[in-house]
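Welcome, and thanks for taking a look. Here is a short briefing on how the strands pair up and what sits in the core.

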Amino acid sequence: MHVFAIVSLSIFLGAPPALAHAFLKEAVPPVGSTVPSAPAEIVISFTESVEPGFSRIEVRDAAGARVDLGDVRKVRGDDTKLAVRLGKLRPGSYNVSWHVTATDTHKTQGKFSFSVAN
Ligand SMILES: [Cu+2]
């Protein structure tokens with residue numbers, strides 16, 4: 001709930017301040033990592049609670065083909081974690097892009113990559 005803070009600070013500063021919206025905190029597989037075997041899912045932890053119904057995680061291989069199953073969901077008991085299952089990944093590099101809506105309705109997005117070792 002940053003609405004009042006944004007409105008009041010914007011009046012004084014003339015620009016939206018950098019507040020604690022939902023940014024990537026941690027991912028499994030880790031951002032930039034090379035993992036020894038194909039993961040069955042991606043789990044991303046965010047810095048704030050997010051709404052699974054208004055959030056997306058897309059995973060693509062080096063050729064741009066979608067490899068996730070499109071079933072983004074909240075990880076049980078933790079509003080800050082989203083997971084998406086993956087098809088069978090071959091060795092190579094993968095790009096993950098995420099677009100999430102925090103429970104305060106603020107939208108954020110980002111991307112990272114990881115690799116599956118040969
Ligand atoms: Cu926010």
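Which residue in β8 does Thr-101 stand opposite? The partner of Thr-101 is Lys-107 in β8. Please keep in mind that this is a predicted model, in which local features need pLDDT of at least 70, side-chain atom pairs count only at pLDDT 80 or more, and totals for chains, interfaces and linings use all residues. Residue numbers start from 1 along each chain as its sequence is written.

**Terms for the strands**
- Strands are DSSP runs of E with at least two residues, numbered from the N terminus.
- Two strands pair if DSSP finds at least two bridges between them.

**The mixed sheet**
- One open sheet has 4 strands in the order β2-β8-β7-β4, and its pairing is mixed.
- At its edges are β2 and β4, each of which pairs on one side only.
- Strands β7 and β8 are antiparallel and share 10 bridges.
- The β7–β8 hairpin has 5 residues between its strands, and Thr-105 there takes a positive phi near 75°.
- On the other side of β8, β2 (residues 34–35) runs parallel to β8 (residues 107–116), with 2 bridges joining them; here Val-35 stands opposite Val-116.
- Strand β4 is antiparallel to β7 and joined to β7 by 6 bridges, with Val-59 opposite Val-96 in β7.

**The antiparallel sheet**
- Another open sheet holds 4 strands in the order β1-β3-β6-β5, with antiparallel pairing.
- Its edge strands, β1 (24–28) and β5 (73–75), each pair on one side only.
- From one strand to the next the twist averages 35°, taken between N-to-C directions on a scale from 0 to 180 degrees, with axes as lines fitted to C-alpha atoms.
- Antiparallel strands β1 and β3 (residues 41–46) are joined by 4 bridges, and Ala-27 stands opposite Ile-44 in β3.

**The nonpolar core**
- A nonpolar core is a set of buried Ala, Val, Leu, Ile, Met, Phe, Trp, Tyr and Cys residues joined through C-beta atoms within 7 Å; buried means that 20 or more other C-beta atoms lie within 10 Å of a residue's own, with C-beta atoms placed from the backbone.
- The largest such core has 16 residues, of which Ile-42, Ile-44, Val-50, Ile-57, Val-59, Val-96 and Val-100 touch the most other members.
- Two or more residues each come from β3, β4 (56–61), β6 (78–85) and β7 (92–101), with β7 giving the largest share, 4 residues.
- Beyond its neighbours within four places in sequence, Ile-44 has contacts (C-beta atoms within 7 Å) that include Leu-24, Ile-57 and Trp-98.

Technical notes: Buried ≥ 20, exposed ≤ 12 C-beta atoms within 10 Å, placed from the backbone. Contact = placed C-beta atoms within 7 Å.
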